[in-house]
Amino acid sequence: MMLGLTYYALLALGPLLVFAQDGGISGAISSPQAAGYSCDPARCQLPNCNCASTNPPGGLKPEDVPQFIVFTADDAVQSYTLDAINQFLAQRKNPNGCQPKMTYFTSLSYTNYTLVTEINGNLIALNALAGIPMTAMKGFRAPFLNYTADTLKLLYKSRFTYDSSATAAVPVTDPDTDAYWPYTLDNGMANNCLTVPGTCQGEPKLPGLWEIPMYAFFDNAGAAGPHLMDPWLDNANGANRPNDTATLEYMMKTFNDHYNGNRQPIGLYTHPIHLSRTYPGVNAQNSTIDMINIFLDWAQEQQNVWIVSNEQLLDWVRHPVPVSQLGSISSLKCSSPEVDPSTRICNGIPQNQEDLLSYCGFPDFPFFTCYGCPQFLPTIDNPNPPQQEGQTRFRLPTNCSTPFWDPIAGKCLCKSNVCAFDDDSRPIGPNGANLTGGGTGGVGAFKSAPTAASFTPFYNGGTASIPKEIWPTVVLGFAGALIGALGMITRL
């Protein structure tokens, strides 16, 4: 789910204890021959159709194209996972002065997303208990990146905007690279053609459904040394243990290959639990956290580098403009909800909702919600059970945005687009002005980054602010993902 991390957090569903989605690859998983891909760009045109191509969309020259770093998280959505993300993004700014956003993929529980009832069930539950608007749930990533042709067909029938389960596992410097810009499945898949039966060779044809590939990093072994999710946990260059210096070196090299080539996006695909300083039993290495911040510091010192969510990336791909005109892309602007901090409303914003949350103390999967505890745990077959007596709260309607909806009073504080959000973005100049980011997490590209928190943790960062009878099962945060700037997805 796309999060404006300094603005507000919603409540998530799902158990506290999570396990890492593997997401590992060991080499190429596609080839031009296996793909058998053919697309006529004269017939497949933006904004609703795009051919799989290594060239930037819209016929733009690479030097006129922003270098996007897509930041995603696959985990239960809780205060400690949001804090883990904030240590990388909270102090950063994109070239227009806006805080980076990211995509959060989560699920209802340990779900196998192979049936349409499961996909739709998660949509309904996240809407009912997390207050995520149906229209905001746009994307999907398969658990363990394990999808089938039927998965894609079900996403298409459920009217998802995009999938992001396929992998680009051939370096951009290879003539046969599969690092395509996001493309639609009007002409079938072009990735994972050696591993997913029933895809590629023109199948499945799903007009308008986008695929946003996950772009791998590569160590000194090149195509034989890909690293995808949580690359800092991998052994680099054939070593027998992770090495932060080696990881930083290959991440920077891969970035340069993209930046100096056709500027295909590059991704930081994370499981925040591995980088949490606050979750009991997790021993996150300060050196690893510092290394990731040093990488982002260095990347943001390059011109035209933007840290974005999947939805922001897709918005630009559908409406490509040169870097000098990025101010026209609405999704890249700063939007913060105008909600008086003194207003008592259960809306996912900590200062507004203190003491208003409902704690649903189910033995296996306890959680918090602003929308009333169900009589029994949601399931795929019954994703929206009746509320418990005495806790009746009103569910989010279609004509109100989450931070402005009062589920206790059943009223919307603001329905006007004018009064709903502030835009704090600065203009992007035509002559190289404001083309680099700022407010980075470290102190320089090759200097030691500070390991102390440079952000305000959710709920003051302490477990004492959370009722101890529910720690460590509290599940706080931006619920959601599935989707698009809010992305629906995964489970570790």
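**Exercise 1. Determine which residue forms a salt bridge with D297, and where the two partners lie.**

Step 1. D297 pairs with R92 in a salt bridge whose closest N and O atoms are 2.9 Å apart. The term denotes a side-chain nitrogen of Lys or Arg within 4 Å of a carboxyl oxygen of Asp or Glu.

Step 2. D297 belongs to helix 6 (residues 286–300), while R92 sits in the loop between helix 2 (79–89) and strand 2 (103–106), so the bridge ties together parts 205 residues apart in sequence. Helices (H or I, at least four residues) and strands (E, at least two) are DSSP runs numbered from the N terminus.

Step 3. D297 is buried, with a relative accessible area of 1%, and R92 is buried at 0%. Here buried means under 20% relative accessible area, exposed over 50%, and partly exposed in between (1.4 Å probe, protein chains only).

Before the next exercise, the basis of the values should be stated. The model is predicted, so local features need pLDDT of at least 70 and side-chain atom pairs count only at pLDDT 80 or more, whereas totals for chains, interfaces and linings use all residues. Residues are numbered from 1 along each chain as its sequence is written, and side-chain values use heavy atoms, with hydrogens and water left out.

**Exercise 2. State how many salt bridges the whole structure holds, and describe the bridges of D74 and E311.**

Step 1. A search of the whole structure yields 5 salt bridges.

Step 2. In one of them, the side chains of D74 and R141 meet at 3.1 Å, N to O. D74 is in strand 1 (residues 67–74) and R141 in strand 3 (residues 139–141), so that distant parts of the chain, 67 residues apart, are linked. The relative accessibility of D74 is 0%, which counts as buried, and R141 is buried with 0% as well.

Step 3. E311 forms a salt bridge with K138, and their closest N and O atoms are 2.6 Å apart. E311 is in helix 7 (residues 310–318), and K138 is in the loop between helix 3 (116–130) and strand 3, 173 residues away. K138 is partly exposed, at 27% relative accessible area.

**Exercise 3. Identify the residues that touch the most other members of the largest nonpolar core, and the elements that supply this core.**

Step 1. A nonpolar core is a set of buried Ala, Val, Leu, Ile, Met, Phe, Trp, Tyr and Cys residues joined through side-chain atoms within 4.5 Å. The largest one has 34 residues, and I69, F255, L268 and F295 touch the most other members.

Step 2. Two or more residues each come from strand 1, helix 2, helix 5 (244–259), strand 11 (266–270), helix 6 and strand 12 (305–308). Helix 6 gives the most, with 8 residues.

Step 3. Neighbours within four places in sequence aside, L268 is in contact (heavy atoms within 4.5 Å) with residues including I69, F71, F217, W232, M251 and F295.

Step 4. In soluble globular proteins, nonpolar side chains tend to be buried together.

**Exercise 4. Give the number of disulfides, and characterise those of C98, C346 and C360.**

Step 1. A disulfide is taken as a pair of cysteine sulfur atoms within 2.5 Å. The count by this rule is 7.

Step 2. C98 is joined to C334, with an S to S distance of 1.8 Å. The torsion about their S-S bond is about -110°, so this disulfide is left-handed. C98 lies in the loop between helix 2 and strand 2 and C334 in the loop between helix 7 and strand 13 (336–337), 236 residues apart. Relative accessibility is 3% for C98, which counts as buried, and 4% for C334, also buried.

Step 3. The sulfur atoms of C346 and C370 are 2.2 Å apart in their disulfide. A torsion of about -80° makes this link left-handed.

Step 4. C360 and C373 form a disulfide with sulfur atoms 2.1 Å apart, left-handed at -95° about the S-S bond. C360 is in strand 14 (residues 358–360) and C373 in the loop between strand 15 and strand 16, 13 residues apart. Both C360 and C373 are buried.
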